[in-house]
Protein chains: 2
Amino acid sequence: MKGPRPRAAAAVQSTPELRRPRFRRQLPQQRRAALIAATIECLKRYGHEGLSIRTISAQAGVSVGLINHHFPNKDELVAAAFRHFNRELVDGLRAAAVRADTPAARMRAFLDASFSPPNLDADVLAVWVVFWGLYRHSRPIQRVQRDTYTGYVRLVRGLLADLLSGADDGGKGRGRRGGVNLRLAAIGLTALLDGLWLEWCLEPGKFRPREAVALCESWVDALCRRATAWN
Amino acid sequence: MKGPRPRAAAAVQSTPELRRPRFRRQLPQQRRAALIAATIECLKRYGHEGLSIRTISAQAGVSVGLINHHFPNKDELVAAAFRHFNRELVDGLRAAAVRADTPAARMRAFLDASFSPPNLDADVLAVWVVFWGLYRHSRPIQRVQRDTYTGYVRLVRGLLADLLSGADDGGKGRGRRGGVNLRLAAIGLTALLDGLWLEWCLEPGKFRPREAVALCESWVDALCRRATAWN
DNA sequence: AAACTTGTTGAACGATCGTACAACAAGGCG
DNA sequence: CGCCTTGTTGTACGATCGTTCAACAAGTTT
């Protein structure tokens, strides 16, 4: 049976003057944003299991069919949510850093923001882990990661470069400040940040936020103070 | 209809002397191990989507019903696979470290093993990420994590403690060697390791294994050389 | 060789999954 | 007001999910 299907009779409203619209039409841009927000909220609440069309549409307060009207399929919705999630993080961290005056203060502000709400929240961090878990088998997620990760790395590298340019310039030239390989320094700091986030996600409370900041700062201090043996 | 259901007639073998058994009975212990191995293999190949009863049983070459004969449900199978995965890693790293003579060599061997096959494999690392993504909403996974993570932390702390006891003992007593807070040092090194693994998982080839080892060693060197400002 | 234990099979179940699509209706325009 | 566009609904579909369980059979015991 592929023909037109019967439809449930609409409830008749006896008092038309009180009848409210059954739904509100919205601009695609707004609806897409709402669906993305609902996707992230479902991820926070239910983890990977929350990534179902029905769960997300219920969270957004819309019907199941609407998602495929605004997104070609579920994977693209999830990827859009990942893009939004990335952008929120990087924009927030950059905004926190840019408010400070000196390179050291900017790094400090960046680290403080990294280890305080809303970023340092176990639910939020678990969302990152789920996204990362999708990475290797989802082309759309890979695309978003490639697009947005460079922004994050550029931010970290910029902060490090400003900070290290104050140190004595042992080895100058391509990507080296104060005798330190800037590329490797950024990789290490990023790893430290991500690793501490992961530990907080798995065991929140094993360390205090200010301890995490201290760990990162002592890493950066070590970079500033001496040229390491990195090739 | 809840009564007994009909069964497909078994294919009749015309030459009984060539007939082989349709399956081989195995000890529960062996079959469980095979199912756990199949689970991990499916995770490597298909990510989170590979965690289905049918995918796993096909990988193991058994029927769908067998899993629930050896495990109470899917979550417990996944948790058992997580436990095995953890044990393999920690045992392997410990075995690598214990072969060396000096504290510095043991740390070096530990780091070398951390950043070489089979551990430093994008598929293997992606399996970790999927497990971690399950953590917050799966009690069995949480239980395994609590059981096994202490072993890993103890290994890292032991390596660090041996290494730091050679440094000048600025502040002695509970958990402090060479003026360094051992607990925080272990947290930092663990975070660095996990973070580098995560980066390798997302972008293998962004750094070389020996660069990762160098990053970790310079972290440890910084610990040895000076008492940091960690509270 | 018959009885027994139990590891193993595979069909069936109800639930839920992502997607498609015809019908409906909200809001703008003439 | 009627027409039109299009955002929105909700049923239906086929596939797949985790789990159950009666039947089967491999291997051991009697």
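These notes walk through how two protein chains meet each other and a DNA strand in a predicted model.

1. Some housekeeping. Residues are numbered from 1 along each chain as its sequence is written, while chains are lettered from A and ligands numbered from 1 in the order in which they are written. As this is a predicted model, local features need pLDDT of at least 70 and side-chain atom pairs count only at pLDDT 80 or more, with totals for chains, interfaces and linings using all residues, and side-chain values use heavy atoms, leaving out hydrogens and water.

2. Start with the protein pair. Chain B puts 49 residues into the contact and chain A puts in 49 residues, where contact means heavy atoms within 4.5 Å. Together the chains bury about 4,300 Å², with 60% of it on carbon and sulfur atoms; buried area here is the accessible area (1.4 Å probe) that two parts lose on being put together, summed over both. Of the area that chain B buries against chain A, 14% comes from B:Arg136, B:Leu202 and B:Leu215, more than from any other three residues.

3. Now the polar side of that interface. The rule finds 6 salt bridges across it, a salt bridge being a side-chain nitrogen of Lys or Arg within 4 Å of a carboxyl oxygen of Asp or Glu. One of them joins A:Arg136 to B:Asp123, at 2.7 Å from N to O.

4. There are also 15 residue pairs in polar contact between the two chains, both residues at pLDDT 80 or more. A polar contact is a pair of N or O atoms within 3.5 Å; within protein, one must be able to donate a hydrogen and the other to accept it, and residues adjacent in sequence count only if both atoms are side-chain atoms.

5. Which element gives the most to the side of chain B that touches chain A? That is α8(B), with 14 residues.

6. On to the DNA. Of the 31 residues around DNA strand C, A:Arg25, A:Ile53, A:Lys74, B:Arg25 and B:Arg31 come nearest; a residue counts as near if one of its heavy atoms lies within 4 Å of the strand. Looking from the strand, 66% of its atoms within 4 Å of the protein belong to sugar or phosphate, and the rest to bases.

7. A few individual approaches are worth finding. A polar backbone atom of A:Leu51 is 3.2 Å from a phosphate oxygen of strand C, and a backbone N or O atom of B:Ser63 lies 3.0 Å from a phosphate oxygen. A:Arg54 reaches a base instead: an N or O atom in its side chain is 2.7 Å from a base oxygen.

How values were computed:
Helix = DSSP H or I, 4+ residues; strand = E, 2+ residues; numbered from the N terminus.
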